[in-house]
Amino acid sequence: MAKKRPQTKAKRPQITDGEIPVVGAREPCPCGSGRRYKACHGRAAAHAATELVHRPFEGLPGECDWVALRELVPAATAGLTLKDGLPEGVPAVTLATVLPMAWPALRRDDGSVMLGLQNDTSSGDISRDLADILQRALEAEPGTPVQGRRAPADGPRLQDLLDPEGAFEPEVHSGFEFWVPDPENATPEVSASLERANAAAIPTVKLQGVDAAYWCETPEKNHLRWVMPHPEEQLLDALARLHAAGRSSLGEGTRLVGSFRAHGLTVPVWDLPSGVTAEDVEKPAAEFAERLATALTTDAPLTADERRARGGLTNRQVTLS
(Lines give C-alpha, C1' and ligand atoms only; values in the text may rest on other atoms or scores of the structure.)
Protein backbone atom coordinates (compact mmCIF):
# COMPACT_ATOMS: atom_id res chain seq x y z
CA MET A 1 0.00 0.00 0.00
CA ALA A 2 1.31 3.39 -0.98
CA LYS A 3 2.29 5.66 1.81
CA LYS A 4 0.07 8.63 2.46
CA ARG A 5 1.59 11.92 1.44
CA PRO A 6 2.18 13.99 4.58
CA GLN A 7 -0.08 17.03 4.68
CA THR A 8 1.58 20.39 4.92
CA LYS A 9 0.32 23.04 7.25
CA ALA A 10 1.67 25.85 5.11
CA LYS A 11 -1.04 28.28 4.13
CA ARG A 12 -1.71 29.10 0.52
CA PRO A 13 -1.17 32.74 -0.37
CA GLN A 14 -4.35 34.75 -0.02
CA ILE A 15 -5.34 36.73 -3.09
CA THR A 16 -8.23 39.13 -3.12
CA ASP A 17 -10.75 38.99 -5.94
CA GLY A 18 -9.53 42.30 -7.30
CA GLU A 19 -5.99 40.94 -7.71
CA ILE A 20 -6.86 37.73 -9.58
CA PRO A 21 -5.60 37.98 -13.17
CA VAL A 22 -7.47 36.63 -16.18
CA VAL A 23 -6.03 33.36 -17.53
CA GLY A 24 -7.14 30.67 -19.97
CA ALA A 25 -10.43 28.96 -19.17
CA ARG A 26 -8.77 25.55 -18.62
CA GLU A 27 -5.77 26.83 -16.66
CA PRO A 28 -5.61 26.56 -12.86
CA CYS A 29 -7.27 29.52 -11.18
CA PRO A 30 -4.63 31.95 -9.83
CA CYS A 31 -6.50 32.12 -6.51
CA GLY A 32 -4.98 28.75 -5.55
CA SER A 33 -8.25 26.83 -5.21
CA GLY A 34 -6.98 24.00 -7.40
CA ARG A 35 -9.93 24.33 -9.77
CA ARG A 36 -9.81 25.46 -13.37
CA TYR A 37 -10.32 29.19 -13.91
CA LYS A 38 -13.61 28.69 -15.79
CA ALA A 39 -15.07 26.80 -12.79
CA CYS A 40 -13.77 29.26 -10.22
CA HIS A 41 -13.27 33.03 -10.57
CA GLY A 42 -13.74 32.81 -14.33
CA ARG A 43 -17.38 31.85 -13.78
CA ALA A 44 -18.18 35.16 -12.10
CA ALA A 45 -16.20 37.05 -14.73
CA ALA A 46 -18.08 35.36 -17.57
CA HIS A 47 -21.40 35.99 -15.86
CA ALA A 48 -20.58 39.68 -15.40
CA ALA A 49 -19.73 40.02 -19.09
CA THR A 50 -22.78 38.08 -20.25
CA GLU A 51 -25.09 40.47 -18.41
CA LEU A 52 -24.00 43.26 -20.77
CA VAL A 53 -24.71 41.50 -24.05
CA HIS A 54 -28.24 42.75 -24.79
CA ARG A 55 -27.19 46.08 -26.33
CA PRO A 56 -23.36 46.11 -26.45
CA PHE A 57 -23.22 49.27 -28.59
CA GLU A 58 -25.75 51.30 -26.59
CA GLY A 59 -24.45 54.79 -25.84
CA LEU A 60 -22.05 54.88 -28.78
CA PRO A 61 -22.61 57.44 -31.54
CA GLY A 62 -24.39 55.64 -34.39
CA GLU A 63 -25.48 52.57 -32.40
CA CYS A 64 -27.73 51.43 -35.27
CA ASP A 65 -24.86 51.65 -37.75
CA TRP A 66 -22.60 49.68 -35.40
CA VAL A 67 -25.18 46.89 -35.46
CA ALA A 68 -25.47 47.08 -39.25
CA LEU A 69 -21.71 46.91 -39.74
CA ARG A 70 -21.46 44.01 -37.31
CA GLU A 71 -24.24 41.90 -38.85
CA LEU A 72 -25.36 43.13 -42.27
CA VAL A 73 -22.71 45.02 -44.23
CA PRO A 74 -19.85 43.12 -45.91
CA ALA A 75 -17.31 45.88 -46.55
CA ALA A 76 -17.31 49.21 -44.73
CA THR A 77 -15.08 51.46 -42.65
CA ALA A 78 -15.65 54.29 -40.18
CA GLY A 79 -13.21 56.61 -38.44
CA LEU A 80 -13.19 56.39 -34.63
CA THR A 81 -12.57 59.33 -32.28
CA LEU A 82 -10.88 58.47 -28.98
CA LYS A 83 -11.91 60.20 -25.76
CA ASP A 84 -8.33 61.06 -24.83
CA GLY A 85 -7.14 61.79 -28.35
CA LEU A 86 -4.77 59.75 -30.48
CA PRO A 87 -1.59 58.45 -28.82
CA GLU A 88 1.73 59.61 -30.20
CA GLY A 89 2.60 57.71 -33.34
CA VAL A 90 -1.00 56.73 -34.13
CA PRO A 91 -2.27 58.98 -36.95
CA ALA A 92 -5.77 57.42 -37.15
CA VAL A 93 -8.03 54.69 -35.78
CA THR A 94 -10.48 53.09 -38.21
CA LEU A 95 -13.22 50.56 -37.64
CA ALA A 96 -13.57 47.95 -40.41
CA THR A 97 -16.21 45.29 -40.87
CA VAL A 98 -13.56 42.66 -41.66
CA LEU A 99 -9.77 42.62 -41.81
CA PRO A 100 -7.48 40.31 -43.83
CA MET A 101 -6.98 36.84 -42.40
CA ALA A 102 -9.87 37.66 -40.03
CA TRP A 103 -7.46 39.56 -37.77
CA PRO A 104 -9.21 41.27 -34.84
CA ALA A 105 -7.03 44.35 -35.33
CA LEU A 106 -4.02 45.57 -37.28
CA ARG A 107 -1.36 48.18 -36.53
CA ARG A 108 -0.27 49.32 -39.96
CA ASP A 109 3.26 50.22 -40.98
CA ASP A 110 2.42 53.93 -40.69
CA GLY A 111 1.23 53.44 -37.10
CA SER A 112 -2.49 53.74 -37.83
CA VAL A 113 -4.87 51.19 -36.29
CA MET A 114 -7.65 49.21 -37.91
CA LEU A 115 -10.16 47.44 -35.64
CA GLY A 116 -12.16 44.51 -37.05
CA LEU A 117 -15.82 44.31 -36.03
CA GLN A 118 -17.03 41.00 -37.47
CA ASN A 119 -14.95 38.66 -35.34
CA ASP A 120 -15.73 35.96 -32.80
CA THR A 121 -15.44 37.30 -29.28
CA SER A 122 -14.58 35.36 -26.14
CA SER A 123 -17.07 36.89 -23.72
CA GLY A 124 -20.69 37.92 -23.79
CA ASP A 125 -19.82 41.60 -24.12
CA ILE A 126 -18.63 42.52 -27.60
CA SER A 127 -17.93 46.08 -26.49
CA ARG A 128 -15.49 44.96 -23.79
CA ASP A 129 -13.74 42.52 -26.11
CA LEU A 130 -13.33 45.16 -28.82
CA ALA A 131 -12.04 47.70 -26.31
CA ASP A 132 -9.39 45.23 -25.14
CA ILE A 133 -8.31 44.56 -28.72
CA LEU A 134 -8.23 48.28 -29.49
CA GLN A 135 -6.07 49.08 -26.46
CA ARG A 136 -3.56 46.41 -27.40
CA ALA A 137 -3.54 47.53 -31.04
CA LEU A 138 -2.66 51.09 -29.97
CA GLU A 139 0.42 49.71 -28.20
CA ALA A 140 1.40 47.10 -30.82
CA GLU A 141 4.47 47.46 -33.00
CA PRO A 142 3.72 49.00 -36.41
CA GLY A 143 3.19 46.39 -39.10
CA THR A 144 1.74 43.72 -36.80
CA PRO A 145 -1.74 42.18 -36.39
CA VAL A 146 -3.38 41.83 -32.97
CA GLN A 147 -4.99 38.55 -31.94
CA GLY A 148 -8.09 38.18 -29.77
CA ARG A 149 -8.03 36.94 -26.21
CA ARG A 150 -10.25 36.72 -23.15
CA ALA A 151 -10.75 40.34 -22.09
CA PRO A 152 -10.47 41.17 -18.36
CA ALA A 153 -13.94 41.22 -16.80
CA ASP A 154 -13.29 44.64 -15.30
CA GLY A 155 -11.61 46.06 -18.37
CA PRO A 156 -12.93 49.13 -20.21
CA ARG A 157 -15.63 49.01 -22.87
CA LEU A 158 -15.78 50.94 -26.12
CA GLN A 159 -18.04 53.43 -24.35
CA ASP A 160 -15.10 54.22 -22.04
CA LEU A 161 -12.59 54.73 -24.85
CA LEU A 162 -14.53 56.48 -27.63
CA ASP A 163 -15.65 60.11 -27.65
CA PRO A 164 -19.45 60.15 -27.16
CA GLU A 165 -19.60 63.36 -29.23
CA GLY A 166 -17.46 61.98 -32.05
CA ALA A 167 -19.05 61.49 -35.46
CA PHE A 168 -19.64 57.94 -36.68
CA GLU A 169 -20.01 57.99 -40.46
CA PRO A 170 -19.68 54.58 -42.13
CA GLU A 171 -18.35 54.41 -45.66
CA VAL A 172 -19.58 51.36 -47.58
CA HIS A 173 -17.12 49.88 -50.09
CA SER A 174 -17.68 47.64 -53.09
CA GLY A 175 -14.74 45.47 -52.02
CA PHE A 176 -11.95 45.14 -49.49
CA GLU A 177 -9.17 47.07 -51.21
CA PHE A 178 -9.07 49.32 -48.14
CA TRP A 179 -7.19 46.51 -46.41
CA VAL A 180 -3.86 47.44 -47.98
CA PRO A 181 -2.52 50.76 -49.31
CA ASP A 182 -0.84 48.96 -52.23
CA PRO A 183 -2.68 45.71 -53.16
CA GLU A 184 -0.12 44.86 -55.86
CA ASN A 185 2.61 44.50 -53.24
CA ALA A 186 0.54 42.59 -50.67
CA THR A 187 1.76 39.23 -49.38
CA PRO A 188 0.34 36.11 -51.09
CA GLU A 189 -1.72 35.30 -47.99
CA VAL A 190 -3.30 38.75 -47.87
CA SER A 191 -3.89 38.75 -51.65
CA ALA A 192 -5.65 35.39 -51.46
CA SER A 193 -7.76 36.56 -48.53
CA LEU A 194 -8.63 39.75 -50.45
CA GLU A 195 -9.69 37.79 -53.52
CA ARG A 196 -11.92 35.44 -51.49
CA ALA A 197 -13.53 38.32 -49.59
CA ASN A 198 -14.25 40.33 -52.75
CA ALA A 199 -15.85 37.31 -54.42
CA ALA A 200 -18.21 36.78 -51.47
CA ALA A 201 -19.19 40.43 -50.88
CA ILE A 202 -22.85 41.27 -51.58
CA PRO A 203 -23.28 44.69 -53.26
CA THR A 204 -24.51 47.03 -50.52
CA VAL A 205 -25.37 50.74 -50.39
CA LYS A 206 -26.17 52.94 -47.38
CA LEU A 207 -29.20 55.17 -47.90
CA GLN A 208 -28.52 58.88 -47.43
CA GLY A 209 -31.98 60.19 -46.52
CA VAL A 210 -32.61 58.04 -43.43
CA ASP A 211 -30.40 56.59 -40.70
CA ALA A 212 -28.93 53.07 -40.72
CA ALA A 213 -30.85 51.75 -43.77
CA TYR A 214 -28.88 49.52 -46.14
CA TRP A 215 -29.89 48.35 -49.62
CA CYS A 216 -28.34 45.13 -50.88
CA GLU A 217 -28.47 43.18 -54.13
CA THR A 218 -28.87 39.41 -54.31
CA PRO A 219 -29.32 37.18 -57.38
CA GLU A 220 -33.08 36.70 -56.98
CA LYS A 221 -34.23 39.99 -55.43
CA ASN A 222 -32.95 43.06 -53.65
CA HIS A 223 -33.56 43.98 -50.02
CA LEU A 224 -33.64 46.95 -47.70
CA ARG A 225 -32.53 46.22 -44.13
CA TRP A 226 -33.11 49.10 -41.74
CA VAL A 227 -31.74 49.07 -38.18
CA MET A 228 -34.07 51.03 -35.90
CA PRO A 229 -33.47 52.33 -32.35
CA HIS A 230 -37.07 52.14 -31.07
CA PRO A 231 -38.11 49.68 -28.32
CA GLU A 232 -39.04 46.39 -29.95
CA GLU A 233 -42.62 46.07 -28.73
CA GLN A 234 -43.46 49.67 -29.62
CA LEU A 235 -41.86 49.29 -33.06
CA LEU A 236 -43.68 46.04 -33.84
CA ASP A 237 -46.99 47.64 -32.88
CA ALA A 238 -46.29 50.58 -35.18
CA LEU A 239 -45.23 48.35 -38.06
CA ALA A 240 -48.36 46.24 -37.57
CA ARG A 241 -50.59 49.32 -37.74
CA LEU A 242 -48.97 50.38 -41.01
CA HIS A 243 -48.99 46.86 -42.44
CA ALA A 244 -52.68 46.34 -41.69
CA ALA A 245 -53.48 49.69 -43.32
CA GLY A 246 -51.52 48.78 -46.45
CA ARG A 247 -48.95 51.52 -45.78
CA SER A 248 -45.83 49.47 -44.97
CA SER A 249 -44.42 49.09 -48.48
CA LEU A 250 -41.72 51.18 -50.14
CA GLY A 251 -43.44 51.34 -53.51
CA GLU A 252 -44.86 49.03 -56.15
CA GLY A 253 -43.62 45.47 -55.90
CA THR A 254 -41.96 45.99 -52.50
CA ARG A 255 -43.04 44.23 -49.33
CA LEU A 256 -42.24 44.32 -45.62
CA VAL A 257 -41.44 40.66 -45.01
CA GLY A 258 -40.26 40.52 -41.40
CA SER A 259 -37.35 41.61 -39.25
CA PHE A 260 -34.08 40.63 -37.65
CA ARG A 261 -33.31 41.01 -33.97
CA ALA A 262 -29.67 41.99 -33.46
CA HIS A 263 -27.79 43.27 -30.41
CA GLY A 264 -30.93 44.56 -28.71
CA LEU A 265 -32.32 46.36 -31.78
CA THR A 266 -34.92 45.44 -34.40
CA VAL A 267 -34.13 45.42 -38.13
CA PRO A 268 -37.20 45.49 -40.42
CA VAL A 269 -36.56 43.92 -43.85
CA TRP A 270 -38.23 44.68 -47.16
CA ASP A 271 -38.10 42.59 -50.33
CA LEU A 272 -37.54 44.71 -53.44
CA PRO A 273 -37.79 43.78 -57.12
CA SER A 274 -34.42 43.16 -58.75
CA GLY A 275 -34.67 46.35 -60.77
CA VAL A 276 -35.15 48.58 -57.71
CA THR A 277 -31.90 50.34 -56.82
CA ALA A 278 -30.82 52.10 -53.64
CA GLU A 279 -31.53 55.44 -55.28
CA ASP A 280 -35.05 54.28 -56.15
CA VAL A 281 -35.94 53.70 -52.48
CA GLU A 282 -34.47 56.92 -51.06
CA LYS A 283 -37.72 58.90 -51.37
CA PRO A 284 -40.08 56.02 -50.39
CA ALA A 285 -37.91 55.31 -47.32
CA ALA A 286 -38.05 58.96 -46.21
CA GLU A 287 -41.84 58.94 -46.64
CA PHE A 288 -42.10 55.69 -44.69
CA ALA A 289 -40.04 57.21 -41.86
CA GLU A 290 -42.67 59.94 -41.53
CA ARG A 291 -45.52 57.40 -41.45
CA LEU A 292 -43.65 55.34 -38.88
CA ALA A 293 -43.00 58.36 -36.64
CA THR A 294 -46.75 59.01 -36.52
CA ALA A 295 -47.57 55.35 -35.85
CA LEU A 296 -45.05 55.22 -32.99
CA THR A 297 -46.97 57.94 -31.14
CA THR A 298 -50.24 55.94 -31.22
CA ASP A 299 -50.99 53.98 -28.05
CA ALA A 300 -54.54 52.80 -28.84
CA PRO A 301 -55.08 49.02 -28.54
CA LEU A 302 -54.41 47.09 -31.74
CA THR A 303 -57.43 46.14 -33.81
CA ALA A 304 -58.04 42.53 -34.84
CA ASP A 305 -56.43 43.15 -38.25
CA GLU A 306 -53.46 44.86 -36.62
CA ARG A 307 -52.99 41.97 -34.18
CA ARG A 308 -52.96 39.52 -37.09
CA ALA A 309 -50.42 41.70 -38.90
CA ARG A 310 -48.28 41.85 -35.77
CA GLY A 311 -48.43 38.09 -35.37
CA GLY A 312 -47.25 37.64 -38.93
CA LEU A 313 -44.34 40.00 -38.42
CA THR A 314 -43.38 38.31 -35.16
CA ASN A 315 -43.46 34.86 -36.77
CA ARG A 316 -41.06 36.07 -39.44
CA GLN A 317 -38.55 37.50 -37.00
CA VAL A 318 -35.04 36.03 -36.95
CA THR A 319 -32.52 36.59 -34.16
CA LEU A 320 -28.97 37.23 -35.41
CA SER A 321 -27.31 37.69 -32.01
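**Strand S9, its partners and helix H5**

Modeller: In this predicted model, 5 of the 5 residues of strand S9 (residues 222-226) are buried, so S9 is largely enclosed by the rest of the structure.

Colleague: Which residues point one way from S9, and which the other way?

Modeller: The residues of S9 point in two directions, and all are buried. His 223 and Arg 225 point one way, and the other way point Asn 222, Leu 224 and Trp 226.

Colleague: Which residue is the bridge partner of Cys 216 in S9?

Modeller: Strand S8 (residues 213-217) pairs with S9 in the antiparallel sense over 5 bridges. A hairpin of 4 residues joins S8 to S9. Within S9, the bridge partner of Cys 216 is His 223.

Colleague: Which residue of S11 is the bridge partner of Asn 222?

Modeller: S9 and strand S11 (residues 265-272) run antiparallel and are joined by 4 bridges. In S11, the bridge partner of Asn 222 is Leu 272.

Colleague: How far apart are the end C-alpha atoms of helix H5 (residues 188-200)?

Modeller: Helix H5 has 13 residues, which at 1.5 Å a residue should span 18 Å. The separation in the model agrees with this expectation: the end C-alpha atoms are 19 Å apart.

Colleague: What arc do the buried residues of H5 cover around the axis?

Modeller: The buried residues of H5 are Val 190, Ser 193, Leu 194 and Ala 197. They lie on the same side of H5, because the arc they cover around the axis is only 105°.

Colleague: Which residues are exposed on the other side of H5?

Modeller: Exposed here means over 50% relative accessible area. On the other side of H5, the exposed residues are Pro 188, Glu 195, Arg 196 and Ala 199.

Methods. Residues are numbered from 1 along each chain as its sequence is written. This is a predicted model: local features need pLDDT of at least 70, side-chain atom pairs count only at pLDDT 80 or more; totals for chains, interfaces and linings use all residues. Side-chain values use heavy atoms; hydrogens and water are left out. The expected span of a helix is 1.5 Å times one less than its number of residues. Buried means under 20% relative accessible area, exposed over 50%, partly exposed in between (1.4 Å probe, protein chains only). The arc is that of the directions from the helix axis to the C-beta atoms. Two strands pair if DSSP finds at least two bridges between them.
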